[in-house]
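Let's walk through a structure together, one feature at a time. A learner asks, a teacher answers.

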Amino acid sequence: MDPRLSEEQEILQKSARDFLTDKCPRSLVREMEKDEKGYSPQLWQEMADLGWMGLVFPEKYGGGDMSFLDLAVLLEEMGRVLLPGPYFSTVVLGGLSILDLGTEAQKEKYLPEIINGKAVFTMALTESDGKYQASSIKTRAAAANGNYVISGTKMFVPDASVADYFLCVARTDDKAKNPEDGITIFIVDAGSPGIKKTVLKTIAGDKPCEVVFKDVKVPEENILGKLNLGWAEVQKIIERAAIAKSCEMVGGMQVALDMTVAYVKERVQFDVPVGVFQAVQHHCVYMLVETEGARAAAYEAAWLVSTGRPYSAEAAITKAFASDAYQRVVALGTQAHGGVSIIEDHDMPLYYRRAKASELAFGDARFHRKTVARELGFKVP
Amino acid sequence: MDFELNPEEKAFQKEIREFLDEHCNEHVVAETLSLQGAGPYSKELLRKMGAQKLLAPRWPVEYGGRDLSPMCEVIKVDEITAHHAPFPLDGVEIGNSILLVGTEEQKKRFLPGVASGEIDIALGYTEPDAGSDVASVQLYAEDQGDYFVLNGQKIYNSEAHVCEYHWLLTRTDRNAEKKHRGLSMFIVDLKSPGITIRPLFTSGGLRTNEVFYEDVKVPRENLVGDKNGGWKVLMSALYGAVAGGGMATGTKYVIKTLAEYTIAEKADDPDARWIPDALADIYVKTRVSEIMGVRATALGQLGVTPLYGGGGMVSRLLGGDTRRLLYNTAMQILGPYSQLYKDSKYAPLQGGILREYMDAPRWTIVHGSQEIQKMNIATRGLGLPRR
């Protein structure tokens with residue numbers, strides 16, 4: 001067992017940290033919250049030029065041939081600076097799914113576009129009830145003359161307003177017995193007629209959208225994976241995204257912790273730095289417990305993905321822990337800071353808001369504990 | 001990066017697991033669960049384990065070990081705990097210190113005995129007025145040249161009544177400028193005249209002891225480290241414990257047992273709907289503290305661990321909190337029947353949950369209370385200022 005970063009990963013970590021510290025200061029994060037696009041296309045292109053979009057994809061498509069574990073390192077760095085933009089959607093939700101499930105033609109068509117920074121992908125999955133479960137998928141795709149016609153409404157689609165393509169999860173067989181059956185993933189050109197996107201104003205300023213599909217025509221060749229057998233794949237995508245999101249969250253937790261420790265060493269009250277008080281020390285220690293715990297779990301889970309081992313159970317454990325942990329870290333960090341950190345222009349609220357958004361993404365702690373409970377033998381609805 | 005035990009560690013895990021499956025019989029388990037200290041069946045098992053060289057895998061071969069990684073020590077503790085086998089932990093941990101700071105003669109004298117299961121050593125740190133503030137110990141060792149004369153009292157020295165030796169922190173200088181500079185460590189034969197061991201029971205039924213020293217003569221060769229250098233020896237025990245710890249096979253088994261119980265007994269009980277989420281929460285925390293602890297051990301054996309701040313200590317905090325949460329939740333799951341002692345015919349799960357619930361408070365206090373751990377992590381790990 002060797003939990004250390006490899007030399008290559010250390011180089012990646014350092015160069016990513018230097019680059020992002022320089023290019024993605026918190027002023028940019030704030031600016032992008034108010035920006036219509038929500039990200040800087042210039043920075044996006046620079047990231048592509050650095051090879052970040054292609055990091056995990058095979059060389060033959062123009063990628064860097066690195067592993068999911070390497071991606072985990074990069075995601076942690078992005079989580080540190082709260083990088084705005086559709087990287088996660090494009091690479092984790094879009095690219096990896098195409099790599100996993102796509103035909104050779106699909107891979108050749110889409111992966112180079114992703115790798116070059118030319119295409120933004122996202123996944124249109126959740127619907128009106130906001131749940132990550134098969135029975136919530138009501139959007140329908142009806143076969144008609146070699147095409148499918150998609151109708152339905154997707155909610156909280158990340159980065160939809162800037163996406164070039166959606167992976168849209170739709171029901172293709174109404175008569176299937178189980179809600180898990182009869183679901184298919186489609187690659188949908190976001191410019192297709194019949195798509196209407198409305199940005200939702202959320203606490204993290206990350207602009208997820210309501211996306212209405214009204215009789216959107218999609219050619220049959222755009223089916224990703226197998227017809228009617230898509231849900232098992234969607235689940236894998238959610239689990240992998242949950243692990244990836246946890247890696248991002250670890251970065252945010254670490255910064256919230258570091259920020260807090262630095263502050264309580266300097267902030268003087270009662271003639272001493274407040275960090276000498278045990279009540280404050282204990283807050284910091286529990287922030288460390290949560291951060292280190294989430295990091296250990298996230299990297300172990302990422303290693304499972306990387307090495308092709310089963311990862312469903314550990315994905316659930318990781319995201320269940322990280323979801324509660326990030327929340328606790330920002331709450332304790334805020335408490336340790338006191339009044340200064342609840343003022344809007346302090347950096348802590350940036351993390352406080354994203355902790356909640358990350359918790360809600362790809363299943364919160366309760367959602368993932370249901371999976372753990374099933375592993376323990378419970379029949380959980 | 002990889003999170004897999006190496007082949008040597010896997011082989012050791014398989015070996016000790018299979019050995020305990022076979023040899024840790026119901027008599028041993030009964031002795032362990034009685035919390036009365038290692039009894040005759042336990043001692044016999046320890047000797048058998050010693051003969052197989054399973055007790056001190058980390059130690060050099062010449063002292064009865066196998067020269068294996070610290071991870072094997074963690075594996076050993078995990079398997080022993082999961083099997084309810086006796087716990088020769090203190091003797092081995094003390095042995096780690098002897099390895100670091102003892103003389104060659106002391107190593108030869110004590111380590112093979114511990115490794116073979118023939119002798120065990122009890123910790124003797126705490127006194128009535130020196131708990132978390134361990135540098136305040138008063139048990140006095142008066143230097144008489146060839147020997148020291150010891151007078152004073154220790155408390156909460158579990159297993160002292162079944163151990164052969166006492167790892168004893170004493171005061172040798174009452175006028176030291178700083179109190180931790182006037183301490184010395186001894187290994188004392190517990191059969192020495194003048195030692196009285198008096199039982200003390202926790203509310204959880206665990207037998208521990210008060211140990212009284214009255215004019216006890218201890219040969220100078222039993223002084224470990226320098227005279228007045230006891231603090232360094234004490235710290236070496238801490239630093240020697242690279243094994244961050246943290247495998248949780250036994251705890252995970254308890255959670256699974258509670259899940260099975262709930263499924264069997266409360267399948268249709270609408271008031272039991274909270275249980276899957278609660279047990280899953282505990283399982284998540286247990287598993288994370290396990291990953292964290294094992295990761296810390298792995299980092300430690302690669303020589304990169306910060307002792308505080310990241311890893312073992314931090315994992316212990318989460319593990320301690322989770323253990324308390326587990327047994328309180330378990331009592332709630334069992335409802336009114338949880339309070340029945342094991343001799344009641346209605347006692348669920350053989351009264352095991354009640355026993356662990358009553359014993360649970362100990363785990364966040366012994367071997368350095370959580371508050372001391374937090375202070376260490378805060379000041380040494382996070383670099384926060386001291387008072």
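What follows is a short dialogue on the fold of one chain, the contact between chains, and the domains.

Q: Before we start, what kind of model is this?
A: Good place to begin: the model is predicted.

Q: How many helices and strands does chain B have?
A: Counting secondary structure elements is a handy way into a fold. Chain B has 12 helices along with eight strands.

Q: Why might one look at the radius of gyration of chain B?
A: It can be set beside the value for a compact globule: with 387 residues, such a globule would have a radius of gyration near 21 Å, and because chain B has 21 Å, the two agree. For the extent in each direction, the C-alpha trace of chain B spans about 75 × 50 × 50 Å along its principal axes.

Q: What share of chain B counts as buried?
A: Burial is read residue by residue, by counting neighbours within 10 Å. In chain B, 47% of the 387 residues count as buried. You can add the sequence separation of contacts to that picture: among contacts in chain B with a separation of 6 or more, 70% are between residues 24 or more positions apart.

Q: How is the size of an interface often given?
A: Often as the accessible area lost when the parts come together. Here we can count residues instead: the contact takes 37 residues from chain A and 43 residues from chain B.

Q: Which elements of chain A give two or more residues to the side that touches chain B?
A: They are α7 (230-266), α8 (278-306), α9 (312-337) and α11 (365-375) of chain A. Of these, α8(A) gives the most, with 13 residues. By residue type, the side of chain A that touches chain B has 24 nonpolar, six polar and seven charged residues.

Q: Where do the domains of chain A lie, and how do I read a contact between two of them?
A: Start with the bounds: domain 1 (7-118), domain 2 (123-228) and domain 3 (232-375) of chain A. Then take a pair. The centres of domain 1 and domain 2 of chain A are 23 Å apart, taken over C-alpha atoms, and 12 residues of domain 1 are in contact with 13 residues of domain 2. Helix α5 (residues 87-101) of chain A supplies the largest share of the domain 1 side, six residues. That side divides into four nonpolar, six polar and two charged residues.

Q: What does chain B show for domain 1 and domain 3?
A: In chain B, 11 residues of domain 1 are in contact with 13 residues of domain 3. Helix α4 (residues 70-83) of chain B gives the most to the domain 1 side, with eight residues. The residues of that side are eight nonpolar, two polar and one charged.

Methods
Residues are numbered from 1 along each chain as its sequence is written. Chains are lettered from A and ligands numbered from 1 in the order in which they are written. This is a predicted model: local features need pLDDT of at least 70, side-chain atom pairs count only at pLDDT 80 or more; totals for chains, interfaces and linings use all residues. Helices (H or I, at least four residues) and strands (E, at least two) are DSSP runs, numbered from the N terminus. The radius of gyration is taken over C-alpha atoms; the globule rule is 2.2 Å times the number of residues to the power 0.38. A residue is buried if 20 or more other C-beta atoms lie within 10 Å of its own, exposed if 12 or fewer, and partly exposed in between; C-beta atoms are placed from the backbone. Two residues are in contact if their C-beta atoms, placed from the backbone, lie within 7 Å. Ala, Val, Leu, Ile, Met, Phe, Trp, Tyr, Cys and Pro count as nonpolar, Asp, Glu, Lys and Arg as charged, and the others, Gly among them, as polar. Domain bounds come from an automatic or database domain assignment.
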